[in-house]
Amino acid sequence: MKNFILSISILALISCQSNQDKSKHLMEEEITEITTPNPPSVASIKMSLEKDGFKIFDYVDEKTGDTIIMQQYFIAFLKKGPNRSQNKAEADSLQQLHLEHLGKMYEAGYADISGPFGDNGQIRGITIYNTPTLKMADSLANMDPMVKAGRLIIEIHPWWAAKGFNLR
């Protein structure tokens, strides 16, 4: 009889522990569901982009079945300008102002990526503008202190990329 009571007690403890583990797991799932927001739908992303004046199209990826939204961006090539006669102090000051301008463009959401080229060619770098129009991208690019000083000139082209894809 003692063994029977001991066996029942052990089974009860195991059952309680198992239920606690299940409860803990369910609570973790509920917390995850509460704290993990659902990503916006493709339809809502498209509606928002179109409302803001962006040119887009979409297609279905054959491998995944996902709808991919393609958005038109504007890529600005920063090229050597006609006025490169600044002394070192002036050029360094313009470079600092140039970097601050690009940082502001990024923070404001107008520029998604910028960077210099690694050679000493005519094209010094690029900026990819996330704006609905060429006119807006051109205006923002021409606000760059390096461009205003004539040290750089801008050449802009429309460029299409998948919305939300990261560089690898």
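## A walk through the fold and its two largest pockets

Of the 168 residues in the protein chain, 24% are buried, where buried means under 20% relative accessible area. Please keep in mind as you look around that this is a predicted model. The surface that the protein chain exposes comes to about 12,100 Å², and carbon and sulfur atoms supply 59% of that area.

Let us begin with the overall layout. The protein chain contains five helices and five strands. If you follow the sequence from start to end, these elements come in the order α-α-β-β-α-β-β-α-α-β. How do the contacts reach along the sequence? Taking contacts between residues at least 6 apart in sequence, 65% join residues at least 24 apart.

Now move in to one pair of strands. Strand β3 covers residues 111-116 and strand β4 covers residues 123-129. The two pair in the antiparallel sense, over five bridges. You can pick out one of these pairings for yourself: I113 has I128 in β4 as its bridge partner. The link from β3 to β4 is a hairpin of six residues.

With these strands in view, turn to the empty spaces. Rolling a probe the size of a water molecule over the atoms shows where empty space is left. The largest pocket has a volume of about 410 Å³. Its lining is made up of 16 residues, and D112, W159, A161, F165 and L167 are the closest to its centre. Which elements give two or more residues to this lining? They are β3, β4 and β5, the last of these running over residues 152-162. The biggest share comes from β3, which gives four residues. Sorted by class, the lining of the largest pocket has nine nonpolar residues, along with five polar and two charged ones.

The second largest pocket has a volume of about 300 Å³. Here 17 residues form the lining, and those closest to the centre are Q95, H98, P116, R124 and M146. Two or more lining residues come from each of α3 (88-107), β3 and β4. By class, the lining of the second largest pocket divides into eight nonpolar, six polar and three charged residues.

To tie the tour together, look once more at the paired strands. Both β3 and β4 give two or more residues to the lining of the largest pocket, and both do so for the second largest pocket as well. Beside them, β5 is on the list for the largest pocket, while α3 is on the list for the second largest.

Conventions: Residues are numbered from 1 along each chain as its sequence is written. This is a predicted model: local features need pLDDT of at least 70, side-chain atom pairs count only at pLDDT 80 or more; totals for chains, interfaces and linings use all residues. Side-chain values use heavy atoms; hydrogens and water are left out. Two strands pair if DSSP finds at least two bridges between them. On a 1 Å grid over the protein atoms alone, a cavity is a set of points where a 1.4 Å probe fits but cannot get out, and a pocket is an open set with protein on both sides within 12 Å along at least five of seven lines; lining residues have an atom within 4 Å of a point. Grid points are joined across faces, edges and corners, and a volume is the space filled by probe spheres set on the points. Ala, Val, Leu, Ile, Met, Phe, Trp, Tyr, Cys and Pro count as nonpolar, Asp, Glu, Lys and Arg as charged, and the others, Gly among them, as polar. Buried means under 20% relative accessible area, exposed over 50%, partly exposed in between (1.4 Å probe, protein chains only). Contact means heavy atoms within 4.5 Å. Accessible areas come from the Shrake-Rupley method with a 1.4 Å probe; for residues, only the protein chains shown count as cover.
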